[in-house]
Amino acid sequence: MTTYHGNSTRALAPPIWIGPLKVDPPILQAPMAGFTNYPFRQIVRQFGGAGLLATEMVNAKGFVWLDEQEATHPDRLWGVADEPRPLAVQIWDNDPPTLAKVGRRLATEYKVSVVDINFGCPVRQVTQKAHSGSYLLSQPERMGQIIEQVVAACAPTPVTAKIRLGCTRDKINATDIAQVVEGSGAAALTVHGRTAADMFRGEADWEQISEIKPFLKNIPLIGNGDLDTPEKVVRAFQNFDVDGVMIARASLNKPWLFAHAAAAVRGEPVPPEPSLEEQRQLMMHHYHLVCDRFGVEKGTVLMRKYACCYAQGRRGARDFRKHVAKVTTRDEFHQVVDNYFPRDLQPAPV
């Protein structure tokens, strides 16, 4: 158990304001496509520590198409209407009117706390095929048009933006983009410390994130990248010029990380990690929630990737992944968990 002395949340990580929304602690859960679904968010809330949660990113064009066909709204909005607030929904596309239309629906019908616009996704399907996500970092004027129209459509619900440092290492333009984001009316800026070309390779550059802060006048800067321990969250606040932090991939196999990080920045003892049995129970709870929504057949298949996350980094995780990737029924899932889920907290050999 680790204790950080001499710091309080107020001193090390005071609350931030995203428009009229107070985010306390300023530790945010990142939107992650295919992962940050309703059950995952429920589990994060059970542990606490996240000042703002977010859905998976929603394709605005697809949302509009479903609406025009009078079809069910996107699965990625499952649970949004009724779950606790605050909650952000992230949207992506490259067409300002389409994004504004969806943003208005989210603000007025779903009554979300924040509408976030994705300008950071580096995946080819989003960038090269749809000319969205981090592709738009090369088009600051287009980004400004998008933000202005979404802000106008969503008011008074705040609109935020998430970006990367730039498209490539030789074209880092985050300081210029930051000024466009604020000048267009966004209420906060989140920056992932890699470029689009980096994908998730190498280390996030927090020095580059820090360099953006002097270019923002009134909105908070939230840093994102490689925060996988409470110690790293504390160091981010201590060593870099950011107002908040966003935790992403590390939370997929440690949804309690937000609570532990919040304790650390308050100067309180960091609780011990849940036992493997408690982690297994969490995974099964997640599985049952997914099956309740999608049925056992589809839910079991969807749960494969989540199950792999729960075992990640543990001794025996590879064997578990090999078997859980093939399950198709509830009985098979239970059998694989009983027989192959890691049985000790030792990390996997490097």
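Just after helix H2, glycine 48 adopts a positive phi of about 85 degrees. The model examined here is a predicted one, and H2 is a good place to start looking around it. The helix covers residues 38-47, and its buried residues are Pro39, Phe40, Arg41, Ile43 and Val44. At the N-terminal end of H2, the cap is provided by asparagine 37, with a side-chain oxygen 3.0 Å from the backbone nitrogen of phenylalanine 40. Phe40 is thus met twice, as a partner of the cap and as one of the buried residues of the helix. The cover over the buried residues of H2 includes both strands and helices: strands E3 (27-29), E4 (53-54) and E6 (87-92), together with helices H10 (257-265), H11 (276-294) and H12 (296-311).

Helix H10 comes up again in the nonpolar interior. The largest nonpolar core has 84 residues, and those that touch the most other members are Ile27, Leu106, Phe119, Ile163, Leu189, Val233 and Val245. The element that gives the most to this core is H10, with six residues. Valine 233 offers a closer view of the packing: beyond its neighbours within four places in sequence, this residue is in contact with Ile27, Leu227, Val245, Ile247, Ala261 and Val265. Another core, of 25 residues, lies apart from the largest one, and its members include Met283, Cys308, Ala311 and Phe341.

Empty space can be traced as well. Rolling a probe the size of a water molecule over the atoms reveals where such space is left. One cavity of 30 Å³ or more is counted, and the largest cavity holds about 120 Å³ of space. Its lining is made up of 16 residues, of which Leu28, Leu52, Ala88, Thr160 and Met246 are the closest to the centre. Strands E3, E4, E7 (114-119) and E9 (189-192) are the elements that each give two or more residues to this lining. By class, the lining of the cavity consists of twelve nonpolar, three polar and one charged residues.

The largest pocket, in turn, has a volume of about 740 Å³. Among the 34 residues lining this pocket, Met32, Phe200, Ala248, Arg249 and Leu252 are the closest to its centre. Two or more lining residues come from each of strand E8 (159-164) and strand E11 (244-247). In the lining of the pocket, 17 residues are nonpolar, eight are polar and nine are charged.

Note on methods: Residues numbered from 1 in each chain as written. Predicted model: local features only at pLDDT ≥ 70, side-chain atom pairs only at ≥ 80, totals over all residues. Heavy atoms only, no water. 1 Å grid on protein atoms, 1.4 Å probe; cavity = no way out; pocket = protein on both sides within 12 Å on 5 of 7 lines; lining within 4 Å. Points joined across faces, edges and corners; volume = space filled by probe spheres on them. Helix = DSSP H or I, 4+ residues; strand = E, 2+ residues; numbered from the N terminus. Nonpolar A, V, L, I, M, F, W, Y, C, P; charged D, E, K, R; others polar. Buried < 20%, exposed > 50% of the residue type's maximum accessible area, 1.4 Å probe, protein only. Contact = heavy atoms within 4.5 Å. Polar contact = N/O pair within 3.5 Å; in protein donor to acceptor, adjacent residues only side chain to side chain. Core = buried A, V, L, I, M, F, W, Y, C linked by side-chain atoms within 4.5 Å.
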